[in-house]
Structures are given as structure tokens and as C-alpha cells.
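Okay, thanks everyone, let me get the structure up on the screen. I'll start with one small helix and then work outwards.

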Amino acid sequence: MELECNNCGHEWFYRNEEDETVLCPECQDEVKVSLEGESCSLERDVEGVLEKYLSQPSSLIPILQEVQKKFGYLPRDVMEDIAEYLELPVSKIYGVATFYAQFRFEPLGDHMIRVCHGTACHVKGADKIGEAVENKLGIETGETTEDGQFTLERVACLGCCSLAPVMMVDDTAHGNLTREKAKDIVEKYKEG
Amino acid sequence: MSKSVRVGYASCGIAAGAEQVYQKLKETIEERELDVDIEKVGCIGMCHNEPIIEIEDNQGSYTYGNLEVDDVNELVEKHLIDEIAYEDKLITSPSDEYDYFSKQRKVVLRNSGVIDPESIEDYMERDGYEALEKALDMDPQEIIDKIKESNLRGRGGAGFPTGMKWQFAKDAEGNEKYLICNADEGDPGAFMDRSVLEGDPHAVLEGMIIGAYATGASKGYIYCRAEYPVAVRRLKIAIEKARKRGFLGENILDTEFSFDIQIKEGAGAFVCGEETALMHSIEGERGMPRPRPPFPAQEGLFGKPTNINNVETWANVPWILRNGAEEFSSIGTDESGGTKVFALAGKIKRGGLVEVPIGTTLKEVIFDIGDGIADEKEFKAVQLGGPSGGCLTKDHLGTPVDYETLTEAGAIMGSGGMIVMDEDDCMVNVAHYFLDFTQEESCGKCTFCRVGTKRLLEMLEEFSKGKGSDEDIEKLKEMADKIKKHSLCGLGQTAPNPVLTTLRYFEEEYKAHLEEGTCPANVCRKLITYTISEDCIGCGTCAEECPADAISGDSKEVHLIDQGKCIRCGACQEVCPIDAVEVE
């Protein structure tokens, strides 16, 4: 959920909804985590997205895309809001969202690592790159590290086939990888 | 004449570091107050040399590649100030006959790497939107006749004659019609459409506007993969600029004709490349195909007559109207006119974006343009058409690339992915790879595709462990045949192709797996063993690297791999400084 610090006004995305209080990463002031009051601006934000679109079925996918961009995933209550706005059953929203690979239903790590498994990458050892990153992070593909720093995914093709094997960290593509190079890159992001 | 510098700024270039090189160049040029124009352009085509820049001066055009930020100072000093070439990173100079380009013919990619894709002025300077002006003076039927005469066929893969498709849409009843550009380039290993959209977005828009005028459509959609953020951004800019100039919107160029274009971003489903699935996706549904007829030309998007073509097809249209249908049809073969763009990648020396006249042989593309196989290995196979296509062997190198001949050989022209493989690639593994992909991407509507691909995949998994018999191969063929016959859309109908072509041309390799329990290319993990030879110097690097802790040995002594623990990942072989790790 999105939190706003009452002290310094810093806004950030916070994933563990069970905590009652949390320290603001900016000013270290204590911020209350609750679904009521000013510290949580979840509801307002969804409305901001919804009102940009006409209430018609063809708006569904663009809305889901924008909501995911904002929250990093599709929270359940947000899908309910979308259903209400489009006058469609929630099951329909969920049905469409689960069909497409782009949508996720759990929060993401701070960094998204996508290992390309396109044909060119495959013949140049994409499996090995994937394994090296898995070992480095201690997670399987599709998982998020416990500290919430990294999510590891495989993608069908990033389209940079001449630089194979390739992986993308957030929006930056890294090409001509070896096991060693891939691990070094992850290490750099780890250090921040 | 002042000099100009063009920096290749497509996704590949950016991934290789073009941004840093561009910034440094710009800074250096400004610092030294040089009279040099610097511009970001689309894909120059030689992706194997990224980041690439081109410098044009009164001598002609020079290309530099594999640039790093550290090269920039010396490059500027030498070429831009002292006017001598910076030999270290020089790829071509005006006096060279460079095979990479001399065998190519640029129609679709004529502007890519030459103009700034975010500048409509650059496009117009190269005769952009002239074809549209011409078209608006013509009768719609006249345009369709020209497209028919040109022998242009759908570049998305199936090769349906474009003019005929337009005719169906034009003849369809209804006053509201739609037009779609299919930019959902989903084949792994294909990036032609991305490069066209990133390098010359206005060519696609101009083609669509002409198509809309000819078929009577009032609204157009570009359905673009969400994985192509650069392409989406450049398209948005291009649409905005075209609207401002009156090429899009109400009363285009002061005529009665109105048309506008909207971008729809895909959400990651390979099956949405299929036209009816794509339309469902635009409508906000799960992207699942439906039976045809009715064809989109009768009942398409939102139930209205719709004409849908692929990116590359649209990009050909303005060229045809500018240069004439005859000129276009003279480029290709008797059956299909023009060129085809291929994304050449894999175990090739010079990979990249290649545009050749239809009918050019595979050998010319792979060995003359691509300069053959990297690392002095043997050519083994070339995979065409992605998950719907097939692998061809060295016996097929003389085959001209054209819809009919490739289909006859068991592959397909497809959208243009061309992946070259060498002796280290196992064909059972390649078949498994593609099937794994289609199985995952099957939308689940047809049982034969949903369940059949899963069963095929399981069989291939067994094969890669050396398990199975001749009987199983027969079963596999039978099942493949059923999937092809009983699936609704192209995904299922073509999913078994990679299995069938590898079986057809590399049956020996399948037999080696099944009868001898060996993988000749040393790829299938269940069938290989890693051992450390007597040459081992006992440095311990492999033991440190091994993720399974399977390697032991004292310092400076020959190390040993515990075969029970070894997961055959090959990490030890990769790090061994003296190549003492052997695989068989």
C-alpha cells in the first residue's frame, strides 16, 4: 500500500500490511499503518486512475496496466474497485488479469531481474545465467528475496538477440553475459 | 560541408551502452565548440557491433562500432578534428565494399538508422507523407489495385496477399470500419517489428493512413507489445506530431477523409499475435481466438469490418505508392514482391537486422551477410519462424527465402526470426525449448493444443533423459499430426512444427538419445558427465564455483567431481583456467 509520512511528506510503497507502525525511510519518523486516516492514500489513488478512463469493458486492460504501474501489483481490493467502476463482476476482472503474463497479484521486490529465454539466448546459455542468478540470490525463478530487494523472473524474449544472453534489471538491459558477469551485476545492485 | 554524427539509439544500442557514448560525444563536441551535428537515430542494423555511430563528412560515411566511453576523446580528436579515421574501432569507410550491406536492399528499413525517429521533419525530408498526398488524390480502388499489382504479401508470417485483404475490407458492408496494426511481435528471437517502430515510426503510420483511406476505415489501433517501451514512446510522439501536421485526425490534408490512431499495449500473451485473439484483447477480454469465418473483414473488432496487417506490411505501403507497384514487384520473386527483414541472431559472427529481396538464398544471408558461424564452429541448423517454424540443415542453404519454398522444406517464412545454430546445439533440446514455449502460451481453448502440447513436451523430456523407443517416436508423430489438424488457431496448428522438422532432418540425433543414451552435442543434462582430467592444477576455482558442492580436492592436487552430487550445470567448465574439465 502507499504510505505518506506525516512528518516530512515522503511517499513510498510499503508491502507488509500486517505491521502497525513503520519508520519513514526518509526522516525515520514513525508512521502509522492503517487503512483509515491520512497515512494511507490507497483509495484516492485508484480513483485518480479510474477517472481517466471511460467506464466501458475495453478500458479494463489499460486500467489494470496503470494500476500495476502504480502499486507494483494488483491488490485485491483495487480489483474490486475496478469491477465496481466498470460495472463488471470481480471474477471477470480476475479472469482477464490472470490470462496475461504481465499482471501479478503479489508485491514485487525493489529490483526486478528478468532473465531472457528467447531462442538466441537459449542457444547461448540462458539456463546457466538463470541458475547463476538463482544461486546468487538464493531463490528460485518467480520468487522474491526475503528482504524484498529482488524479484527474479524469466521472460520469453527481450528482443536484444544480438547481445545474447541478456538479462534486464529494472529498465536496464545487460548483454553478452557470462555466469560471472551476471553475478557481478546482481552484486552491484545489492550494494545499491 | 559540416560533419554529422548519428548514434544508433534502438533498444539493442541502448542495452549496449549507446546512451553513455552519446552523452560523452555530445559533451566533447560542445566543449571543443565543433561545427558538428549530432543526432540519435534508429537501428543501424549491425547489432553485433553496438554501440555504433556513423560519421558523415565530405568523404562519405564512416561507421565505428563496439564503442566505449573511453574511445570518445580519441575518436573526436582524430576524426572530427584531424580528419583521419580512428582505425581502432573503424568498421567501414566510404571506400569499402562491405558485404553486410552490399547484399541487402533497404525498403522497409530505408530510414532506420538514418533519420531521427522522433522528428517528423527528418521523415518528410526523405519524401515522407508524399505517398499519402498522392493517395488522397487517387480513387480508393485505384490504391488497392496498385497494392495488388505490387505482389505485397503479409509479412506477419502467413503471406496472404495484402491487396486482396484490403479489397475484402473495402467491399464489406457497414459504415464504421476499423484498421489494426499488429505489433505484438511475440516470437522469441525476433525483433524486426520493434526495430521498424523504433527507427521509422512514421512509415508505419503513413501506411496505415493510406490503408484506412483505401478501405474506408475511420479508426485505427496499433497493438504493441508492452515489452517494447521505446517503440511505444516513439509511436506516441509520432502520432502526436502527425496530428499537428494534419496527417491524422479530422479532415486529413483538408479532404473529407478523417482517421485517427490509438495505441493499445499488449499485456504479455503470445496468442494475441493471432488476429481474432488480438481483437478480443483490445475489447478488454481474455485474448482467446475464435473460429473463422466470419473473417475480420466481415466481422472484426467490436463486430465491425476490420482490416489487420503486420508492422512490416504497413511500412511497405508508402514505398509502393511513391515508387510504383512495378518497381516493388520487380524486387522479389514472381509470387511475392519486395523484401523481407530478418532478425539474424544465434551462433553467427555478424548478427543484426537484415533486409534482403525475397528469394535471396539462406546461404547468402548466413554466410555473406552474417559472415558465417562464430568461434570457428560448424554450421548445424538454422531455425526460421520461431515456435511455428522449423530447423533447416546445411542441405537447405541454397533454398531461397520465400513463402512457398520455405514451407515446402518444413520451415516457414514466419515473421522473420532467423536463429543460427552450431555443433554445440542439441536438436532434441531445441524442439523441447520451443514446445515448452508453446505449451506455456497455449490459451487453453482447444483440447488438442492445451493437452496435446503438454503430452508432447513430456515425451521430449523423456527423450532428453535417453528414455523412449521407436514406438514412442511414432506416437509423437501421430500426436503432432492431431494437434495440427484439430486446433483452432495458428498457435496450435503450427506448435508441433519444431518437433517435426527436427525429427525429419535430425532423426539420427533422436536415435542417439534413445538407443545409445547419448546426447551428441553434450547438452541434455541427464546424458552427460563432467570429469576433471589429470591436467588439473588444483587451483580450487571450480570447487568454489560449484553450486552443488560436488567438487573436492586438496590444493595443487587433481580435483574430483562427485557424480552423485553433480547437477551438470557446467559452471566448473566455464571457470576452469586451463580447460581441464571435460564433458561427454
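So, this is a predicted model, and I want to begin in chain A, at helix α4. Look at the face of α4(A) that points away from its buried side: that's where you find the exposed residues A:S91 and A:T98. And which residues of this helix, spanning 90-99, are buried? Those are A:I93, A:V96, A:A97 and A:F99. If you look down the axis of α4(A), the buried residues fall within an arc of 160°, so they line one face of the helix. As a reminder, an α-helix has 3.6 residues a turn, so residues three or four places apart point the same way. What sits over the buried residues of α4(A)? The cover includes two helices of chain A, α2 (60-71) and α3 (76-86).

Okay, over to chain B. Here we have 24 helices and 18 strands. The C-alpha trace spans about 85 × 65 × 40 Å along its principal axes. For 584 residues, you'd expect a compact globule to have a radius of gyration near 25 Å, and chain B comes out at 26 Å, which agrees. Of those 584 residues, 55% count as buried. And if you take the contacts in chain B with a separation of 6 or more, 71% of them are between residues 24 or more positions apart.

Now the inside. The largest nonpolar core has 214 residues, and those touching the most other members are A:V166, B:V204, B:I209, B:I210, B:A343, B:V365 and B:V382. Which helix gives the most to this core? That's α10 of chain B, residues 201-215, with nine residues. Let me pick out B:I209: beyond its neighbours within four places in sequence, it is in contact with B:L132, B:F247, B:L248, B:I252 and B:F259. There's also a second, separate core of 13 residues, and B:Y530, B:I551, B:C569 and B:C572 are among them.

Last stop, where the two chains meet. The contact takes 35 residues from chain A and 44 from chain B. On the chain B side, the elements that each supply at least two residues are α1 (11-16), α12 (275-282), β10 (339-346), β14 (417-422), α17 (427-441) and α24 (571-575). Of these, α1(B) gives the most, with four residues. And how do the chain B residues on that side divide by type? You get 21 nonpolar, 14 polar and nine charged.

That's my tour, happy to rotate the view if anyone wants another look.

Terms used
Residues numbered from 1 in each chain as written. Chains lettered and ligands numbered in written order. Predicted model: local features only at pLDDT ≥ 70, side-chain atom pairs only at ≥ 80, totals over all residues. Core = buried A, V, L, I, M, F, W, Y, C linked by C-beta atoms within 7 Å. Buried ≥ 20, exposed ≤ 12 C-beta atoms within 10 Å, placed from the backbone. Contact = placed C-beta atoms within 7 Å. Arc of directions from axis to C-beta. Rg over C-alpha atoms; globule rule 2.2 N^0.38 Å. Nonpolar A, V, L, I, M, F, W, Y, C, P; charged D, E, K, R; others polar.
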